[in-house]
Amino acid sequence: MSAFPPVEDQLAVILRGTAQAETVVELRKKLEKSQQTGKPLRVKYGIDPTGFDVHLGHTVPLRKLRQFQELGHTAVLIIGTATAAVGDPSGRDDSRKGLDTEQINANAKTYLTQIAKVVDVSRAEVRQNGEWFDEFGFTKMLRLLGQMTVQRMLERDDFSKRVKSGTPIYLHECLYPLMQGHDSVEIHADVELGGTEQLFNLMVGRDLQRTAGQAPQICMTMPILRGTDGEKKMGKTAGNYIGLNEAVKDQFGKTMRIPDELMREWFTLLTDRKTEEIDQILAGHPGEAKKLLASDIVTFYHGADVAAAARVSFDDQSRKIDPDQIDEVKIPAAELADGGVGAVKLVVLAGFAKSNSEARKKVEEGAFNYGPDRAKPVDWKAIVPVTDGLVLRLGRKIVRVRVGS
């Protein structure tokens, strides 16, 4: 009797939150064959150690990898010690600088410890692609390069955009998709996971596997998680990320400051809650929904007791900061556009700054927050929704808005 759940049950788990599967028909066939033979699928995910922090954005495909593990399949984790030296051009409108060996090795040591918070590393196959690329000779590299045309390489969106804009494309960047694809050949991947910007690289893996006489892998892409600013992709460069190694209070507090419209995306990609349950949660009070989201995230990495304590601490801190008597500031309704005011203008109207330049500096420093959840506009151009009674804070200054005629 097969140790795997029924194929349709597996697909329901695997496809939840997935942007694209190339193809679902092939995936179903692979799962059916796995059922018949009792042989688990080899599911690949690669990550380049480009910094010290693994963040929640990385965990979207990592959580999918964990789900495959829980269904009985083999997780193959590739630490890109070789590809990190090249730099992945995916989703970039300029060249990404590769890292030197010392940086890569230092980062790689911390990555696996952090990844172990999501994936059961003890049951995973962990490989560094330096194992094979460090031994690659010039002849092998020529053969690899000979498996793709320049025309095909220029089909990828990020390269075609750079050609149109006159932005340079360096030859070493063209190596990256071939190297990532060759990883799939080396480990005989059945499925590869990645973000939506990675589809080209994943499809190259299918082509290289066919050339090598292997069955082509299924390419599964996950949506790109937007960062705490609610706009840009979560990343270290944008500074809008939540790291797995951050303190619990920071993980909880940063989640509480995300824009409300980001909650559905985060609930779907960062928790195991079903769609119907998410709908019900989001139909309630936004502040309570966000606390539940923050609790879910902290629970996953630190446990339910720690999450409960973090929530109590957050509520206590919120109550302690605001005094019983708060000065009021009147803001004419005419200053509002669609119920909101620009963050910089609001800081000036509240009397927290004498000029727009001073107010902008305060906003960019993160000194200004508003509302019961102490939301902080990350971008100085952000629009703050203003209602009568809204509490504004800047350092120790605090006022309550009264919207007048």
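# Exercises on a predicted model: cavity, sheet and pocket

The lining of the largest cavity is made up, by class, of 3 nonpolar, 4 polar and 4 charged residues. Keep in mind that this is a predicted model. Let's work through it together.

**Exercise 1. Identify the residues that line the largest cavity, and find which element gives the largest share.**

Solution.
- Start with the search: over the whole structure, 1 cavity of 30 Å³ or more is found.
- Next comes its volume, as the largest cavity holds about 90 Å³ of space.
- Now list the lining: Arg 16, Gly 17, Val 60, Arg 63, Lys 64, Gln 67, Met 222, Thr 268, Leu 269, Thr 271 and Asp 272.
- Sort these by element: helix H3 (56–70) and helix H12 (263–270) are the ones that give two or more residues to this lining.
- H3 gives the largest share, with 4 residues.

**Exercise 2. Work out the strand order of the open sheet of 6 strands, and say which strands lie at the edges.**

Solution.
- Begin at one side, with strand E1 (20–22) as an edge strand. E1 pairs with E6 in the antiparallel sense over 3 bridges, and here Gln 20 stands opposite Thr 221.
- From E6, step to E5: these two are parallel and share 5 bridges. Leu 193 stands opposite Met 220 of E6.
- From E5, step to strand E2 (residues 42–47), a parallel pairing with 3 bridges. Leu 193 in E5 is also the bridge partner of Tyr 45.
- From E2, step to E3, which runs parallel to E2 and is joined to it by 6 bridges. One partner pair here is Gly 46 with Ile 78 in E3.
- Last, E3 pairs with E4 in the parallel sense over 4 bridges, where Leu 77 has Val 126 of E4 as its bridge partner.
- Put together, the order is E1-E6-E5-E2-E3-E4, with mixed pairing. E1 and strand E4 (125–128) are the edges, each pairing on one side only.
- From one strand to the next, the twist averages 20°.

**Exercise 3. Determine how many residues of E3 and of E6 are buried, and describe which helices pack over the strands.**

Solution.
- Recall that buried means under 20% relative accessible area.
- In E3, 5 of the 6 residues are buried, so this strand is largely enclosed by the rest of the structure.
- In E6, the count is 5 of the 5 residues, so E6 too is largely enclosed by the rest of the structure.
- Look at the directions in E6: Ile 218, Met 220 and Met 222 point one way, Cys 219 and Thr 221 the other way, and all are buried.
- Now add the helices. H3 lies across E2, strand E3 (74–79), E5 and strand E6 (218–222), at about 160° to E2.
- Helix H10 (residues 199–211) also packs on the sheet and touches E1, E5 and E6, its direction making about 170° with that of E6.

**Exercise 4. Decide whether Gln 209 and Asp 190 are buried or exposed, and list what each touches.**

Solution.
- Locate Gln 209 in helix H10. Its relative accessible area is 0%, so Gln 209 is buried.
- Leaving out residues up to four places away in sequence, Gln 209 touches Ser 184, Val 185, His 188, Ala 189, Gln 214, Ala 215, Pro 216 and Gln 217.
- Locate Asp 190 in the loop between helix H9 (171–187) and strand E5 (191–195).
- Compare its 19% relative accessibility with the cut-off of under 20%: Asp 190 counts as buried.
- With the sequence neighbours up to four places away left out again, Asp 190 touches Lys 30, Pro 40, Leu 41, Arg 42, Gln 217 and Ile 218.
- For a sense of distance, the C-alpha atoms of Asp 190 and Glu 277 are 32 Å apart, with their positions 87 residues apart along the chain.

**Exercise 5. Describe the lining of the second largest pocket by closeness to its centre, by element and by class.**

Solution.
- The volume of the second largest pocket is about 650 Å³.
- It is lined by 28 residues, of which Pro 259, Asp 260, Tyr 370, Ala 375 and Pro 385 are the closest to the centre.
- By element, helix H14 (286–302) and strand E10 (383–385) each supply at least two lining residues, and H14 gives the most, with 3 residues.
- By class, this lining has 12 nonpolar, 6 polar and 10 charged residues.

Conventions: Residues are numbered from 1 along each chain as its sequence is written. This is a predicted model: local features need pLDDT of at least 70, side-chain atom pairs count only at pLDDT 80 or more; totals for chains, interfaces and linings use all residues. Side-chain values use heavy atoms; hydrogens and water are left out. On a 1 Å grid over the protein atoms alone, a cavity is a set of points where a 1.4 Å probe fits but cannot get out, and a pocket is an open set with protein on both sides within 12 Å along at least five of seven lines; lining residues have an atom within 4 Å of a point. Grid points are joined across faces, edges and corners, and a volume is the space filled by probe spheres set on the points. Ala, Val, Leu, Ile, Met, Phe, Trp, Tyr, Cys and Pro count as nonpolar, Asp, Glu, Lys and Arg as charged, and the others, Gly among them, as polar. Buried means under 20% relative accessible area, exposed over 50%, partly exposed in between (1.4 Å probe, protein chains only). Contact means heavy atoms within 4.5 Å. Two strands pair if DSSP finds at least two bridges between them. Axes are lines fitted to C-alpha atoms, for helices over the stretch in contact, and angles run from 0 to 180 degrees between N-to-C directions.
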